[in-house]
Amino acid sequence: MVPSSSAPRSLLVLSGLAALVALAVLGRLTVFMADDARPNYSAFPSSGWELRHSCVSSYFVAAGAAREGRLVYRDELYTAPNDDGKGVRKPLKLGRFDIDVYEYPPPFLLLPGALRAVVPGWAAFRLLWFVLNGVVVAFVMVRVARALPPPAARRALLLAPLVWIALPTLSALQKGNVQLMIVALAMLAMLLFERRHFAAGGALLAFATVSKLFPGLLLVYLLVRRQWRAAAWTAAMSALLVLLSLAVVGVRQYAAFADHLPGLMGGEAFPAFRNPSAIAINLSIPGLVFKLKVLGLGDLSFGASKIVGWLYTLVVLVVVARVSRHPWPDADRPALWLGILILATLRSPFLPQAYATFPPLWLLTLLAARQPPTAKTLLWTMAAWLALNVYWPLDWPLDPRVLALITLGPQAVTVAVAALALRPHAPHPAARTDAARS
């Protein structure tokens, strides 16, 4: 082993500094997650919106409503009665937190429902969810890194702290959005398939798919590559989860979801489209229609956004089918899977900055890890990291038009990073030398 070639001092210094910062900011955030009466320990203490906004509040409220037999897609569970439906949404409160709107399929309720059975109180539930989210993501990131060849594996682990200190990651962890965990579970499922653990992999990918839909794009990859057992186990486990959720939450929730689904796919169900600043931070492809409207470059609406969304879906299906036929080396497959997941997330009508950039941040470390850590590699890695790290809370003063222009940067880098992962590459000569030495 030759440490100087596999991990030069510059990479070690960068990793060490990032790790120290990660320990500090995550430790600080844990204090706020354990005690919301200490807002100065939050990721953004100067933003009242960041302090109040809580995605996990919708999981908690919906799980409780489902247990009581109430329909979880009824707006009165989350929104104040005096909301006129025209301006910024007026949420109900859960302690100091605004209750978010539940916008997920019924099977997802199995997880928050199970956690509420263990910790029925909101404060304990919020803390447990934060710990679960962090542990799952950290565990899978380590497993994915260790699946790479030795030189790349070390580099991926050394670069991983950059993901944890990014402002969007901290915001997503504080809000408790499940997107990070869903991406991690889908990646772990693909690793399990590679090791022929089809039942476990199928269960994880099935839960990810029936909870957030977008991981289902990985099924295209499996089918094109004729990985029939993996696809069959995923389908079977998906059916099992649907049946289990039918038994737990009832048929009425599915009927309500069927009525709610067109609004989810088209975007009408998302209250964020009533807020110009929220539209500005939307990094999805269909959301570009509304971003252009904020910029004064058009007056299109949901109809145009739906057309863009379905055209993008067709393009992505073709792209994924084509790249899946390529004979990918084992070392490149994790980046490929993450690239596919990024393309899938971009299809959502609403993809806010808080969790949109987590998968490209993670993918950035995997792409950088497979190249020798030269000064050039570290420079472009940090430049892309800085672009993806652009973050602006909604209540900080800034014209939505300026914010929309600023967020075009991380949106473009997200697409570029995914494109790099989906493009077959020839290993750098120095990378082949590293592998031979290891």
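Let us begin with P400, which, apart from neighbours within four places in sequence, is in contact with P276, S277, A280 and V294. This is a predicted model, so keep that in mind as we go. P400 belongs to helix α22, residues 400-406. The C-alpha atoms of P400 and V294 lie 7.0 Å apart in space, although 106 residues separate the two in sequence. Is P400 buried, exposed or partly exposed? With a relative accessible area of 22%, P400 counts as partly exposed, because buried would require under 20%.

S47 makes a good counterpart. Its place is the loop between α2 (9-34) and α3 (48-52), and its relative accessible area is 0%, so S47 is buried. Setting aside neighbours within four places in sequence, the contacts of S47 are P393, D395 and W396.

From that loop we can step back into α2 itself. The axes of α2 and helix α7 (residues 150-159) come within 8 Å and cross at roughly 40 degrees. On the α2 side, L11, L12, L14 and S15 take part, and they meet R155, L158 and L159 of α7. Sorted by class, this contact between α2 and α7 has five nonpolar residues, one polar and one charged. A general point helps when you look at such a helix: an α-helix has 3.6 residues a turn, so residues three or four places apart point the same way.

Two arginines are worth a look for their placement over rings. R28 lies over the face of Y41, 5.3 Å from the ring centre. R126 does likewise over the face of F32, at 4.9 Å from the ring centre.

Rings also meet rings here, with 25 aromatic pairs in the structure. One of them joins F108 and F207, whose ring centres are 6.4 Å apart and whose planes make 35 degrees, so the pair is tilted. This pair links distant parts of the chain: F108 sits in the loop between β3 (97-99) and α5 (110-118), and F207 in helix α11 (residues 198-212), 99 residues apart. Both F108 and F207 are buried. Another pair is F270 with F350, where the centres are 6.1 Å apart and the planes are at 45 degrees, so this pair is tilted too. It also bridges distant parts of the chain, 80 residues apart, with F270 in the loop between α14 (251-266) and α15 (276-280) and F350 in the loop between α18 (333-345) and α19 (353-356). F270 and F350 are both buried.

F207 leads us on to α11. How many of the 15 residues of α11 are buried? Eleven are, so α11 is largely enclosed by the rest of the structure. Among the buried residues are F198, G201, G202, L205 and F207. The cover over the buried residues of α11 includes α5, α10 (179-194), α12 (217-224) and α13 (228-249). The length of α11 fits expectation as well: at 1.5 Å a residue its 15 residues should span 21 Å, and its end C-alpha atoms are 21 Å apart. Just after α11 comes L213, with a positive phi near 70 degrees.

Our last stop is helix α20, residues 358-369. Its twelve residues reach 17 Å from the first C-alpha to the last, close to the 16 Å expected at 1.5 Å a residue. α20 is mostly covered, with twelve of its twelve residues buried, including F358, P359, P360, W362 and T365.

Methods. Residues are numbered from 1 along each chain as its sequence is written. This is a predicted model: local features need pLDDT of at least 70, side-chain atom pairs count only at pLDDT 80 or more; totals for chains, interfaces and linings use all residues. Side-chain values use heavy atoms; hydrogens and water are left out. Helices (H or I, at least four residues) and strands (E, at least two) are DSSP runs, numbered from the N terminus. Buried means under 20% relative accessible area, exposed over 50%, partly exposed in between (1.4 Å probe, protein chains only). Contact means heavy atoms within 4.5 Å. Rings of Phe, Tyr and Trp (its six-membered ring) pair if their centres lie within 6.5 Å; planes under 30 degrees apart count as stacked, over 60 as edge-to-face and the rest as tilted. A charge sits over a ring if NZ of Lys or CZ of Arg is within 6 Å of the ring centre and within 35 degrees of the ring normal. Axes are lines fitted to C-alpha atoms, for helices over the stretch in contact, and angles run from 0 to 180 degrees between N-to-C directions. Ala, Val, Leu, Ile, Met, Phe, Trp, Tyr, Cys and Pro count as nonpolar, Asp, Glu, Lys and Arg as charged, and the others, Gly among them, as polar. The expected span of a helix is 1.5 Å times one less than its number of residues.
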